[in-house]
Amino acid sequence: MSNIRITKSFSFETGHALYGYDGKCRNVHGHSYKLFVTVIGTPIADTNHVKYGMVIDFGDLKKIVKEEIVDVFDHATVFNKNTPHVELAKELSNRGHNVLLVNYQPTSEMMVIDFAEKIKTRLPENIQLYSLKLQETATSYAEWYASDNPSTPLRVLKTN
Ligand SMILES: Nc1nc2c(c(=O)[nH]1)N=C([C@H](O)[C@H](O)COP(=O)(O)OP(=O)(O)OP(=O)(O)O)CN2
Ligand SMILES: [Zn+2]
């Protein structure tokens, strides 16, 4: 059976600020993020299986990404908790705002790394996360590829 990649896209609105950055994005601002999630596997061959012909039900993929990413990040403002922004975050949170503290600078690159780790832990064993594309603006995006990031380093086996 062939390996097939399938992709589902998501969108969410998130605020952030890049602490210490030397441009306008050091200010608190927001983006309409688009996330493209691509997984790879072989379509289920069992004709009696309810998911016959599917790598993974798009609905099941949606549930995972919604729970891990969209529902968490949508209409939240993300701050790096390792910077003085943590004070602003605490103040906003105390005033009832939806604030998310992360342990990284919330650039598209770092967010897509975080998302990959979160999604990977939820996928069934026979399905691999192939790639993620996180689009921050109409002209800017970051991509994560499993092939660029082998998680288990190959062991060199000694033959003698
Ligand atoms: N490598 C990265 N560079 C920048 C990031 C990032 O996540 N990774 N983020 C920002 C800002 O948060 C914001 O996204 C601005 O991005 P930019 O593409 O520069 O936005 P513009 O509106 O200026 O884009 P134009 O389409 O060129 O007008 C900054 N850099
Ligand atoms: Zn930004």
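Helices and strands here are DSSP runs, counted from the N terminus. With that in hand, welcome to this predicted model.

**Stop 1: the sheet**

Start by colouring the strands. You will find an open sheet of six, in the order β4-β3-β1-β2-β5-β6, and its pairing is mixed. β4 (99-102) and β6 (140-145) stand at the edges with a single partner strand each, so one side of each has no neighbour in the sheet. On average, neighbouring strands are turned by 30° against each other, direction ignored.

Now select residues 4-16 and 76-80. These are β1 and β3, which pair in the parallel sense over three bridges. Then move to β5 and β6, where the pairing is antiparallel and runs over six bridges. A hairpin of two residues links β5 to β6, and you can spot Thr137 with its bridge partner Ser140 in β6.

**Stop 2: the helices on the sheet**

Select residues 58-73 to show helix α1. This helix lies across β1, β2 (29-41), β3 and β4, and runs at about 20° to β1. Next select residues 85-94 for helix α2, which packs on the sheet and touches β3 and β4. The direction of α2 makes about 150° with that of β3.

**Stop 3: the start of β1**

Click on Ile4, a residue of strand β1. Is Ile4 buried or exposed? Ile4 counts as exposed, because the model places 12 C-beta neighbours inside 10 Å and the cut-off for exposed is 12 or fewer. Leaving out residues up to four places away in sequence, Ile4 touches Ile40, Thr42, Pro43 and Val55. For a sense of distance, draw a line from Ile4 to Ala76: their C-alpha atoms are 34 Å apart, with the two positions 72 residues apart in sequence.

**Stop 4: three histidines**

Select His16, His29 and His31, which an unreviewed UniProt entry lists under "binding site". They span 16 residues in sequence, yet no two of their C-alpha atoms are more than 8.3 Å apart, so they gather at one spot.

Zoom in on His16, in strand β1. His16 is buried, with 26 other C-beta atoms within 10 Å. Across in β3, Val78 stands opposite His16. Apart from neighbours within four places in sequence, His16 is in contact with Thr77, Val78 and Pro106.

His31 belongs to strand β2 and is partly exposed, with 17 other C-beta atoms within 10 Å. With neighbours within four places in sequence left aside, the contacts of His31 are Thr14, Glu136 and Thr137.

**Stop 5: the annotated active site**

Now select Cys25, His75 and Glu136, which the unreviewed UniProt entry annotates as "active site". Cys25 is in the loop between β1 and β2 and is partly exposed, with 15 other C-beta atoms within 10 Å. His75 is in the loop between α1 and β3 and counts as exposed, with 12 C-beta neighbours inside 10 Å. Beyond residues up to four places away in sequence, His75 touches Glu13 and Asn98.

**Stop 6: around the ligand**

Finish by showing ligand 1. Which residues surround ligand 1? They are Leu18, Gly23, Cys25, Thr107, Ser108, Glu109, Glu136, Thr137, Thr139 and Ser140. By class, this shell has two nonpolar, six polar and two charged residues. Highlight α3 (108-120) and β5 (128-137) as well, since each supplies at least two residues of the shell.

Notes. Residues numbered from 1 in each chain as written. Chains lettered and ligands numbered in written order. Predicted model: local features only at pLDDT ≥ 70, side-chain atom pairs only at ≥ 80, totals over all residues. Near = placed C-beta within 6 Å. Helix = DSSP H or I, 4+ residues; strand = E, 2+ residues; numbered from the N terminus. Nonpolar A, V, L, I, M, F, W, Y, C, P; charged D, E, K, R; others polar. Pairing = 2+ DSSP bridges. Axes fitted to C-alpha atoms, helices over the stretch in contact; angles between N-to-C directions. Contact = placed C-beta atoms within 7 Å. Buried ≥ 20, exposed ≤ 12 C-beta atoms within 10 Å, placed from the backbone. UniProt positions renumbered as here; feature names shortened; annotations may be inferred.
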